[in-house]
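Trainee: I would like to take a close look at a single part of this structure and have someone walk me through it slowly. Could you choose one place and show me how the pieces around it fit together?

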Amino acid sequence: MTEMDTDYSVPFNRHAWTDSEEMAQLVETVFVSLPERTQLELAGRSNNKGSMSVKDILLIILSDLYSTYKRDPKLSTGFARKHTDWTVNDRYNGQGIPRKIVDVVDTLKKARYLRYEPGKSKKAGDDVNKRSRIQPTKKLKDLFKKLELRGNDISHNHKQETILLRDKDTDDDKSVNIKYDDTPATIRMRKVVESYNEMMQRHYVDVASLRKPIYVREHTNEHGEVSKEVIPIGPEHMFTYRVFSRGDTKFRKHGRWYGGFWQRLPKKRIDLRRDIYIDGEATDEIDFSGLHPTLLALEHGKLLKGDKYDLGRPVLDGITMSEQRSIAKELVLIAINAKSKQAAYRAYNNQNKDQKLTHTQLDHLLAAFIDKYPFLKGDLCSDKGIDLMYTDSQITEAVIQRFVEADKPILPVHDSYIVKNTDRRFLKFVMNDACNDVLKHTLPFESEFDEVTADIGHATHYKHTEYGYFESVLNKHKTKVSKLYQKRYTQWLEES
């Protein structure tokens, strides 16, 4: 038996559910295979009508494990065992799964349906917290192989909350979901998000260049240790929600849209977002140009023109103007969100461990940006980002509402949107309208399709004199569509 790769894992999905008779029969098969005494212990003596039955708990577990198995049998599943992870009367535990789920998982392990690796706790001396891992054994996989479920037979977001409120945990300073009472505002926002999620279920989104609907990103920490981030891709992973922060029950802090798999795809070294296809069609990504600096400038009655991050002169030795622009852009965006210069500089170097800069160098770059836009001096390193995110989330809400009304798929990425190439003109029109509605002003934006078209147009001039250059430009922008992607899309069409 091969060893379980605990880094190649996805989180347990507590929102999995199915009404499939086949899965219900599998639940019955597994349950009756357990010793009679174990069945009675799991069922307990509770007569609470509102409590979830053991078989329903088992249905959720098996539905999620089956979905993960079908994606890749080598995947393991991260499972939470803490009491606080399974609070029944919790809006983030929409199905009301009780603490008993841990007992059911332990029973499946004892009955040899599951492989199990215990988690690690930071308090025990480890560098990171790590949840326990579970994975179907051959015994359970053999049962899975007999199922003939279609892709849409299992719901992956049953009763999942779409408006999240978070705050810092007093114990470890991490952001956690917190309770709140609904208001007219949260009810209205929830309807908008739910309408979007419902509309997106009628459309197919995938990365056309990938053979498997999975992408694995590697992250290296400050100790040089490499960890894996597994990104499942496809229509089962488009569920979107909004996140508000700092326990603000007025819901005016943060508010951005999260959840869609496309937000986690790499853009810098390998640009997978450009390979996204919607309903079998290539896409365009249109983003607001220098969104947050532009919003800050508008607060001062100013309009930023040209390249916001071109400092106009070399500031640091040994760095090209192009490299300097990239550094300045990242630094300024971090500074807008930071509460102090020191925090901004630490955050910059944490994100650029291979190319760290001294605080003095970063100081010079930030000063050069302030020289260019002196009216923004008081806005940097003063925690402005959280409010700007709320503003851009309002713009996104206005854009999404228009696309839902038109039944046109759209993928939000905070300050940009991905749409079918055939919808790109409609998106530009809607973005202008949304900015006028929220800001009473339009904002500049950039289209990836326009940039690619210009690049290819320039290369075309050399088609007959430098064909190798022309061909290299074409290949750089051409998506290599995988036959397995085409097979996935065809299957989705047949099952829809």
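Mentor: Before we start, one definition will help: the expected span of a helix is 1.5 Å times one less than its number of residues. Please also keep in mind that this is a predicted model. With that definition we can read helix α10, residues 359-372, which has 14 residues and reaches 20 Å from its first C-alpha to its last, close to the 20 Å expected at 1.5 Å a residue. Its buried residues are Leu362, Leu365, Leu366, Ala368, Phe369 and Ile370, and what covers them includes α8 (321-337) and α9 (341-351).

The part I would like to dwell on, however, is strand β15 together with the helix that packs against it. Strand β15 covers residues 281-288, and it pairs with strand β14, residues 276-278, in the antiparallel sense over two bridges; in this pairing, Tyr277 has Ala282 of β15 as its bridge partner. The hairpin of β14 and β15 has two residues between the strands, and there Asp279 takes a positive phi near 50°.

β15 is also joined to strand β17, residues 416-420, by five bridges, and these two strands run antiparallel, with Ile286 standing opposite Tyr417 of β17. A further partner is strand β18, residues 445-447, which pairs with β15 in the antiparallel sense over three bridges; here the bridge partner of Asp287 is Glu446 in β18.

Now we can turn to helix α12, residues 424-439, which has 16 residues and reaches 22 Å from its first C-alpha to its last, close to the 22 Å expected at 1.5 Å a residue. If you look for its buried residues, you will find Arg424, Leu427, Val430, Met431, Ala434 and Cys435. They cover an arc of only 140° around the axis, and therefore they lie on the same side of α12. On the other side of the helix, Arg425 and Asp437 are exposed.

What does the buried side meet? The buried residues of α12 pack against β15, β17 and β18, the strands we have just followed, and also against α11 (385-405) and α13 (448-460). Finally, if you follow the chain past α12, you come to Lys440, whose phi is positive, near 60°.

Methods. Residues are numbered from 1 along each chain as its sequence is written. This is a predicted model: local features need pLDDT of at least 70, side-chain atom pairs count only at pLDDT 80 or more; totals for chains, interfaces and linings use all residues. Side-chain values use heavy atoms; hydrogens and water are left out. Two strands pair if DSSP finds at least two bridges between them. Helices (H or I, at least four residues) and strands (E, at least two) are DSSP runs, numbered from the N terminus. Buried means under 20% relative accessible area, exposed over 50%, partly exposed in between (1.4 Å probe, protein chains only). The arc is that of the directions from the helix axis to the C-beta atoms. Contact means heavy atoms within 4.5 Å.
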